[in-house]
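I opened this notebook to record what I looked up, residue by residue and then strand by strand. The entries follow the order in which I went through the model.

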Amino acid sequence: MGAIEEVYEDLDTDVEFEEFEAAVEDKVEQMGGLADEETAAMLIAHELRDEEADTIADIEPGMNEVKFLGKVTAIGEVRTFERDDDEAEEGRVCNVDVADASGSVRVALWDDMAAAAEEELEVGQVLRVMGRPKEGYSGLEVSADKVEPDEDAEVDVQVLDTYRVEDLTLGASDVDLVGQVLDTDSIRTFDRDDGSEGRVANLTVGDETGRVRVTLWDGKADLAGEFEAGEVVEVGDGYVRERDGDLELHVGDRGTVERVDEDVEYVPETTDVDDLEIGQTVDIAGGVIETDPKRTFDRDDGSEGQVRNVRIRDETGEIRVALWGDKADREIELADRVVFTDVEIQDGWQDDLEASANWRSTVSVLDGGSDAAAGAASGASGSAAGRDGSDGGDRGADETGLGAFAEDGQKAAAEAVAGESGGDDESGASGGAAAATTERSAEDVEFTGTVVQTGDPVVLDDGQQTKSVDTDASLRLGEEITVRGPERDGTIDADDVF
């Protein structure tokens with residue numbers, strides 16, 4: 001027995017000896033005499049062993065051939081096609097989704113195997129598959145050379161007719177799920193390796209068991225613009241993937257998202273404001289007690305960003321929430337009750353905590369405002385009415401609403417102006433306030449904040465207000481600085497920047 005035969009005998013492979021021998025000869029020729037037949041045979045044997053995939057997640061497009069075990073989760077229809085040779089018989093193909101605990105993959109069965117799949121295969125069967133991985137239209141797929149049922153093997157993958165969010169597992173496919181739309185994102189484009197342009201958009205849906213991000217690919221991406229938060233939809237023929245440690249439900253060319261007339265209740269499990277800590281990624285909810293206008297800023301790469309701040313209150317406390325990107329465009333008003341999911345808790349201005357809602361977060365305005373928020377809005381309106389000369393009531397120590405969050409110094413200054421003007425005289429109070437404002441406009445001020453816009457002017461944000469600053473200093477977005485100088489017409493002419 002020669003060296004090639006000995007290596008082949010020790011190799012547990014479905015590759016025929018003639019094919020193995022030819023590969024060894026090719027390897028000897030490729031290495032230009034640097035390896036003899038035995039060495040080349042061992043190299044080929046090593047490559048073949050590497051093709052054995054322990055799990056579906058181990059399969060990569062660059063492999064020549066793989067063998068793996070998987071449970072059938074979906075069986076497609078048999079399609080026919082014309083081969084390149086006009087005289088050849090019509091070709092047939094059937095796509096079968098198989099999965100294990102690590103993920104799922106589509107297996108393409110050709111001709112006789114496709115016909116057998118239509119007649120003999122069933123969802124839930126376990127198959128041993130041998131084939132060639134490649135990058136297909138909907139991602140990784142395996143073109144099967146051989147497929148055999150294995151009745152004794154067990155694969156821990158759950159196959160259900162209808163799924164709830166808590167039922168989703170990595171590798172599940174042909175998933176039908178009904179949920180309430182919690183949030184939608186805009187369509188994004190990207191370049192594929194083959195030079196074509198891809199499109200993707202996201203929905204977030206929830207049911208009584210949890211929530212999941214739904215990723216819509218290419219032609220399905222337009223569906224994201226057809227639904228609004230609060231509507232109930234059914235996702236059909238989805239498949240589960242993992243991203244950054246979280247499960248996502250993906251919708252490809254054969255998937256669907258349709259509006260349905262069903263009642264689905266999503267009840268978020270939120271963290272109390274008083275229990276928040278820096279570094280957490282949590283869900284929070286509360287009534288809106290303060291809103292800021294949207295601001296734009298220039299990023300380091302020259303693109304334009306945007307952010308909007310709102311402040312919410314629950315039964316334990318209040319916190320500012322920064323809405324970045326498209327989320328800054330969400331229609332959020334005073335007294336709305338809003339749920340923010342997957343927000344990052346960060347160190348804010350003056351050691352206060354703040355929540356950051358980025359691309360992974362969802363923003364859901366629930367039906368009906370909160371009592372706390374409604375009270376705050378009412379208090380703010382009452383305070384305004386009092387300033388306008390209407391009957392604002394007794395605004396003493398029990399003042400509530402937005403006015404209750406003004407700094408004590410601001411309140412004292414307003415009271416001092418009113419006192420100097422003669423107490424109850426409305427016109428005198430207004431004149432005194434105007435005079436005080438004019439007098440202060442030329443005084444030096446000191447302001448500390450984060451740079452949210454560079455250029456001319458620089459814009460600083462301290463968590464409660466923004467200030468325009470006239471300075472030639474070279475500053476970076478996100479940098480916290482203090483400026484000192486005279487303030488005129490709302491702009492600080494900075495003499496000092498530190």
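In which strand does D97 lie? I looked this up in what is a predicted model, and found D97 in strand β3, which covers residues 91-100.

**Entry on D97.** I next asked whether D97 is buried or exposed. I noted D97 as buried because its relative accessibility is 7%, and the cut-off for that class is under 20%. I then checked its side chain, which makes a polar contact of 2.6 Å with the side chain of R254. When I set aside the neighbours within four places in sequence, I listed K71, V72, T73, A74, V105, R106, S173 and R254 as the residues in contact with D97, so that R254 appears in my notes both as a contact and as the polar partner of the D97 side chain.

**Entry on R320.** I turned to R320, which I located in strand β17, residues 318-324. I entered R320 as buried, because its relative accessibility comes to 10%. Which side chain does the side chain of R320 meet in a polar contact? I found that of E354, at 2.2 Å.

**Entry on I75.** I placed I75 in strand β1, which spans residues 66-75, and I recorded I75 as partly exposed because its relative accessibility is 30%. I also found I75 listed with V123 and V159 in a nonpolar patch on the surface, for which the accessible area of the three together is about 200 Å².

**Entry on strand pairing.** I followed strand β6, residues 139-149, to see what it pairs with. Strand β4, residues 103-110, runs parallel to β6 and is joined to it by three bridges; among the residues involved, V107 has V142 of β6 as its bridge partner. With strand β5, residues 126-136, I found that β6 pairs in the antiparallel sense, over 10 bridges, and I noted that E135 is bridged to L140 in β6.

**Entry on the whole protein.** How many helices and strands make up the secondary structure of the protein? I counted seven helices and 26 strands. The protein has 498 residues, of which 40% count as buried. Taking the contacts with a separation of 6 or more, I recorded that 56% are between residues 24 or more positions apart. For the surface I wrote down about 27,400 Å² exposed by the protein, with 41% of that area supplied by carbon and sulfur atoms.

Definitions and conventions:
Residues are numbered from 1 along each chain as its sequence is written. This is a predicted model: local features need pLDDT of at least 70, side-chain atom pairs count only at pLDDT 80 or more; totals for chains, interfaces and linings use all residues. Side-chain values use heavy atoms; hydrogens and water are left out. Helices (H or I, at least four residues) and strands (E, at least two) are DSSP runs, numbered from the N terminus. Buried means under 20% relative accessible area, exposed over 50%, partly exposed in between (1.4 Å probe, protein chains only). A polar contact is a pair of N or O atoms within 3.5 Å; within protein, one must be able to donate a hydrogen and the other to accept it, and residues adjacent in sequence count only if both atoms are side-chain atoms. Patches are made of residues with over 30% relative accessible area and no salt bridge: like charges are joined within 9 Å, nonpolar side chains (Val, Leu, Ile, Met, Phe, Trp, Tyr) within 5 Å. Accessible areas come from the Shrake-Rupley method with a 1.4 Å probe; for residues, only the protein chains shown count as cover. A salt bridge is a side-chain nitrogen of Lys or Arg within 4 Å of a carboxyl oxygen of Asp or Glu. Contact means heavy atoms within 4.5 Å. Two strands pair if DSSP finds at least two bridges between them.
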